[in-house]
Amino acid sequence: MRRVKQSIINALKEWVLLPPKQTPLKLQRHFISSNTIFVLAFGIHFAFIFFFLVFGVPEMMWFNIASCAWFVGTIYLNRKLYLFTALHLCFFEVLAHAMACVHFFGWESGYQYYAILLPTGIFLLPPGKTWLKFFTIITGCAIFAGGFYYSLSHPPVYKWGSPFLEVINISNIIFAALFQGGFAYYFTWAASKAEQSLEDEHAA
């Protein structure tokens with residue numbers, strides 16, 4: 001039983017963190033960072049299923065069930081090294097989820113702040129296709145602004161009262177900031193590791 005459990009853990013670890021064997025060295029860092037995001041996103045949306053079920057929001061419960069299936073697809077594409085496609089599908093889901101929450105819960109719920117991760121996250125992709133990256137950022141900013149103006153003239157479907165709404169808002173801001181910090185930490189760590197390897201190589 002212990003061997004079976006360890007085998008499952010090792011298989012999950014390999015599927016989540018380790019790039020496929022055919023992954024070129026220059027893409028491994030990008031694969032690991034994006035794949036980690038997809039797996040975290042899957043876990044978060046899976047938890048949201050039960051959150052919205054408990055609080056009686058069936059529309060968002062079903063939305064998050066679909067999101068979980070969506071992220072399984074992005075992980076699969078990422079493992080096939082369709083990095084650009086997988087990450088753009090991830091961003092599409094994040095923007096759609098954010099705007100759906102603005103519609104159902106209003107701007108004050110704070111779910112739209114996850115869309116702010118897009119300008120940083122897009123550069124987790126390998127170098128190249130710069131025009132596409134900036135077009136994606138501009139599109140995301142336009143959708144973010146559109147969500148704000150939409151909220152001014154459309155009251156939320158579900159009206160959460162205080163202090164619950166404030167707790168949700170602050171929680172979303174904190175988690176969005178933590179994700180942003182995580183991006184910076186990972187790439188600083190990766191750059192430091194690469195620099196250390198070069199120093200060791202020159203010293204040898």
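Is K129 buried, partly exposed or exposed? With a relative accessibility of 46%, K129 counts as partly exposed, a level that falls between the 20% and 50% cut-offs. This residue sits in the loop between α5 (118–121) and α6, and its backbone is a bit of an oddity too: phi of K129 is near 50 degrees, a positive value in a residue that isn't a glycine. We'll come back to the backbone once the overall layout is in place.

The model is a predicted one. Its chain has seven helices and zero strands, so the order of elements from the N terminus simply reads α-α-α-α-α-α-α. Of the 204 residues, 37% count as buried. Contacts that link distant parts of the sequence are well represented: among those between residues at least 6 apart, 71% join residues at least 24 apart.

Helix α3 makes a good starting point. It runs over residues 58–79, and those 22 residues should span 32 Å at 1.5 Å a residue; the end C-alpha atoms are 32 Å apart, which agrees. Its buried residues are M60, M61, N64, S67, C68, F71, T74, I75, N78 and R79. They take up an arc of only 125 degrees around the axis, which puts them on the same side of α3. The general rule behind such a pattern is that an α-helix has 3.6 residues a turn, so residues three or four places apart point the same way. On the face turned away from the buried side, α3 carries the exposed residues W62, A69 and Y76.

What comes after α3? The helix is followed by L81, a residue with a positive phi near 70 degrees. L81 lies in the loop between α3 and α4, and it has that positive phi although it is not a glycine. At 22% relative accessibility, L81 counts as partly exposed, because the cut-off for buried is under 20%.

Across that loop, the axes of α3 and α4 come within 9 Å and cross at roughly 170 degrees. That makes α3 roughly antiparallel to α4, since angles over 145 degrees earn that label. Sorted by class, the contact of α3 with α4 has 15 nonpolar, six polar and two charged residues.

Helix α4 (residues 83–105) also packs against α6 (residues 130–153), here at an angle of about 10 degrees and with the axes 10 Å apart. α4 and α6 are therefore roughly parallel to each other. On the α4 side, the contact is made by F84, H88, F91, L95, M99, V102 and H103; α6 brings in L132, K133, T136, G140, I143, F144, G147, Y150 and S151. By class, the residues of this contact divide into nine nonpolar, six polar and one charged.

How far does α6 reach, end to end? Its 24 residues extend 36 Å from the first C-alpha to the last, close to the 34 Å expected at 1.5 Å a residue. Buried in α6 are K133, T136, I137, G140, G147 and S151. The cover over these buried residues includes α4 and α5. Several of them turn up again in the contact with α4, including K133, T136, G140, G147 and S151.

Past α6, the loop leading to α7 (164–203) holds P163. The peptide bond from S162 to P163 is cis, with omega near 5 degrees. For context, most residues other than glycine have a negative phi, and most peptide bonds are trans. Against that background, the positive phi of L81, the positive phi of K129 and the cis bond before P163 are the backbone features worth a look.

That leaves α7, where two residues illustrate how the helix meets an earlier part of the chain. N169 is found in α7 and, at 19% relative accessibility, counts as buried. Leaving aside neighbours within four places in sequence, N169 is in contact with E108, S109, G110 and Y113. A176 also belongs to α7, and with a relative accessible area of 8% it is buried. Not counting residues up to four places away, A176 touches Y113, Y114 and L117. Y113 thus appears in the contacts of N169 and in those of A176. As for I116, it is 60 residues from A176 in sequence, yet the two are 7.9 Å apart in space, C-alpha to C-alpha.

Key
Residues are numbered from 1 along each chain as its sequence is written. This is a predicted model: local features need pLDDT of at least 70, side-chain atom pairs count only at pLDDT 80 or more; totals for chains, interfaces and linings use all residues. Side-chain values use heavy atoms; hydrogens and water are left out. Helices (H or I, at least four residues) and strands (E, at least two) are DSSP runs, numbered from the N terminus. The expected span of a helix is 1.5 Å times one less than its number of residues. Buried means under 20% relative accessible area, exposed over 50%, partly exposed in between (1.4 Å probe, protein chains only). The arc is that of the directions from the helix axis to the C-beta atoms. Axes are lines fitted to C-alpha atoms, for helices over the stretch in contact, and angles run from 0 to 180 degrees between N-to-C directions. Angles under 35 degrees count as roughly parallel, over 145 as roughly antiparallel, 65 to 115 as roughly perpendicular and the rest as oblique. Contact means heavy atoms within 4.5 Å. Ala, Val, Leu, Ile, Met, Phe, Trp, Tyr, Cys and Pro count as nonpolar, Asp, Glu, Lys and Arg as charged, and the others, Gly among them, as polar.
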